[in-house]
Amino acid sequence: MKRARQLRPEELETLIAQYRENGSVTAPAKAVGITRQTAGKYLSEFGFVTTRRMSDDDIARAREAHEAGKSVNSIARMIGFSPHTVVRALR
């Protein structure tokens, strides 16, 4: 199995700085030439929480909005998650 390459200190600084700037894992990963998953692992090692899950309150709000006839896309915008995440929560 292929191992991920080790980041140089300046690449690690870039990864952390860009993550702090915009909260995205994808853009900093591209900037230093690693996958999003590897970037997430590096950031987790430095104490950053890179995943966010829907709380029970978020799921309840999504269900209420869905029962009221709102679209998945509008619910996703309302609670700040992707439409895919909302659909999974509604199942």
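**Exercise 1. Where is Val25 found, and what does Val25 touch?**

Before we start, this is a predicted model: local features need pLDDT of at least 70, side-chain atom pairs count only at pLDDT 80 or more, and totals for chains, interfaces and linings use all residues. Residues are numbered from 1 along each chain as its sequence is written, and side-chain values use heavy atoms, with hydrogens and water left out.

*Step 1.* Find the place: Val25 sits in the loop between H1 and H2. Helices here are DSSP runs of H or I with at least four residues, strands are runs of E with at least two, and both are numbered from the N terminus.

*Step 2.* Check the cover. Val25 has 12% relative accessibility, so it counts as buried. Buried means under 20% relative accessible area, exposed means over 50%, and partly exposed is in between (1.4 Å probe, protein chains only).

*Step 3.* List the partners. Once you set aside neighbours within four places in sequence, Val25 is in contact with Tyr19, Arg36, Ala39, Gly40, Leu43 and Thr50. Contact means heavy atoms within 4.5 Å.

*Step 4.* Add a distance: Val25 and Gln37 are 12 residues apart along the chain, and their C-alpha atoms are separated by 8.4 Å.

**Exercise 2. Describe the chain as a whole.**

*Step 1.* Count the elements: there are 6 helices and 0 strands. Read from the N terminus, the order is α-α-α-α-α-α.

*Step 2.* Ask how spread out the chain is. Its radius of gyration is 17 Å, well over the 12 Å that the globule rule gives for 91 residues, so the chain is more spread out than a compact globule. The radius is taken over C-alpha atoms, and the rule is 2.2 Å times the number of residues to the power 0.38.

*Step 3.* Put a box around it: along the principal axes, the C-alpha atoms fill roughly 50 × 30 × 20 Å.

*Step 4.* Look at inside and outside. Of the 91 residues, 32% are buried. The accessible surface is about 6,600 Å², and 50% of it belongs to carbon and sulfur atoms. Such areas come from the Shrake-Rupley method with a 1.4 Å probe; for residues, only the protein chains shown count as cover.

*Step 5.* See how far contacts reach: among those between residues at least 6 apart in sequence, 48% join residues at least 24 apart.

**Exercise 3. Find the salt bridges and say which partners are buried or partly exposed.**

*Step 1.* A search of the whole structure turns up 2 salt bridges. The term means a side-chain nitrogen of Lys or Arg within 4 Å of a carboxyl oxygen of Asp or Glu.

*Step 2.* Name the pairs. Arg8 bridges to Glu10 at 2.8 Å, N to O, and Arg8 also bridges to Glu11 at 3.5 Å, N to O. Together, Arg8, Glu10 and Glu11 form a linked network.

*Step 3.* Sort the partners. Arg8 is partly exposed at 46% relative accessibility, and Glu10 is partly exposed too, at 44%. Glu11, at 10%, counts as buried.

**Exercise 4. Work out what helix H3 and Val32 pack against.**

*Step 1.* Take H3, residues 36-45: Thr38, Ala39, Gly40, Tyr42 and Leu43 are buried there.

*Step 2.* Those buried residues pack against helix H1 (9-22) and helix H2 (26-32).

*Step 3.* Move to Val32, which lies in helix H2. At 7% relative accessibility, Val32 is buried.

*Step 4.* Not counting residues up to four places away in sequence, Val32 touches Arg5, Leu7, Glu11, Thr14 and Leu15. Val32 and Leu15 are 17 residues apart in sequence, yet 6.9 Å apart in space, C-alpha to C-alpha.

*Step 5.* Finish just after H3, where Gly47 takes a positive phi of about 90°.

**Exercise 5. Look at Val72 and Ile79 in helix H5.**

*Step 1.* Ile79 lies in H5, residues 72-79, and Val72 is in H5 as well.

*Step 2.* Ile79 is buried, with a relative accessible area of 9%, whereas Val72, at 22%, is partly exposed.

*Step 3.* Leave out residues up to four places away in sequence. Ile79 then touches Arg52, Met54, Asp58, Arg61, Ala62 and Val86, while Val72 touches Pro83, Val86 and Val87. Val86 turns up in both lists.

*Step 4.* Give the C-alpha distances: 7.6 Å for Ile79 and Ala62, and 5.9 Å for Val72 and Pro83.
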